[in-house]
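Trainee: Could you walk me through this model? I'd like to see how each value is reached.

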Amino acid sequence: MSKYTFPKVDLHLHLDGSVLPESAWEMAAQRGIALPADNLEDFRKFIVVTADCRSVNEYLKRFEMPLQILQDAEALQRVAYELVCLLSSQGLRYAEIRFAPQLHLRKGLTQGDAIEAVLQGVQKGMAECPSIDIGVILCAMVFGECGINMEQNLQTVREAAKYLNTGVVAVDLAGAEGLTPLSTFAPVFDLAKELHVPYTCHAGDSQGSETVLDALNFGTKRIGHGHHIFEDKDLCARAIAEGVTLEVCPTSNIQCSTRPSYEEHPLKKLIDMGISCTINTDNMILSDIDLDKEYDRCLSQMGLTLGDIIRCNINSVKASFMAPEKKQPLIRELIDALWGLDA
Ligand SMILES: [Zn+2]
């Protein structure tokens, strides 16, 4: 039983970084995929990132193994289902799970097939675990120059528009940072605006605040990571004025060396400045993390109070892509929890 009994929300969680090791082991065997270990225990160690990643781009290489497995509808459905059940068992009440459909086409699936498989898994999980609600975010990807996969990225946005009322809630732009100017991906967000698809965008993680500026210029109200905004006070002021929310993932930032330590992470300062911040896991299994562990570190090493953590969850609900009528009951419960702190 979690000691954090208020409604917990995760807005930034990648499906392919959250595959249970035992499931990956079993699915790889079923599919004849060679794994870099002789037994489940060694495999478990391989799959969980230790704190030795030098960069985001090195960290991203860890996704290749789960991606080899996640190339058919059955595998996608299974991992989506299992992740929903896992999150529910951890006491989460709402989560937005994201994945990039274009990464799952190696064995003949279309983007639409991949989306339907994930949605079926999510629906099965929600039917079994009715206390949790889930939204699915479809990621467009940065592999390098925007022209490499612009058509696939635009296709992802079109698919998001198609599935918007059946489980998909938004699009995102993820992938390697710093290979090419983020601003060149503007057509992805122009199409999202045209098709009325909500969006978030990875920025300001391994790269500096200039990428946050690009994301704000896309018109995004949410930024994946975004903590390097801290180095630009004008941008901080703009984010506050425009009601932008940062999806902060502390452990991921430390493991990718985008911040040197929990103690030196600017989350608390960003909160105190008045920027809407949220606390998320990014890649639950690859990072060996869950929200409770993340909250523990926020309290013991990052200077946050329990009140800060509850207020971050209020920010999460407000900034989430869930239907407005679902937000009010969760905010009410979180306010009750805040109220209880002073009792
Ligand atoms: Zn991410």
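Mentor: Sure, we'll take the residue Cys129 and then a helix pair. This is a predicted model, where local features need pLDDT of at least 70, side-chain atom pairs count only at pLDDT 80 or more, and totals for chains, interfaces and linings use all residues. Residues are numbered from 1 along each chain as its sequence is written.

Trainee: Is Cys129 buried, exposed or partly exposed?

Mentor: Count the other C-beta atoms, placed from the backbone, within 10 Å: 20 or more is buried, 12 or fewer is exposed, and in between is partly exposed. Cys129 has 18, so Cys129 is partly exposed.

Trainee: Which residues does Cys129 touch, leaving out those up to four places away in sequence?

Mentor: Contact needs C-beta atoms, placed from the backbone, within 7 Å. The C-alpha atoms of Cys129 and Val84 are 7.8 Å apart, though 45 residues separate the two along the chain. By the contact test, Cys129 touches Val84, Cys85 and Ser88.

Trainee: How are α7 and α8 oriented to each other?

Mentor: Helices here are DSSP runs of H or I, at least four residues, numbered from the N terminus. Axes are lines fitted to C-alpha atoms over the stretch in contact, with angles from 0 to 180 degrees between N-to-C directions. Helix α7 (residues 150-162) and helix α8 (residues 186-194) pack at about 20 degrees, with axes 9 Å apart. Angles under 35 degrees count as roughly parallel, so α7 and α8 are roughly parallel.

Methods: Helix = DSSP H or I, 4+ residues; strand = E, 2+ residues; numbered from the N terminus. Contact = placed C-beta atoms within 7 Å. Parallel < 35°, antiparallel > 145°, perpendicular 65-115°, else oblique.
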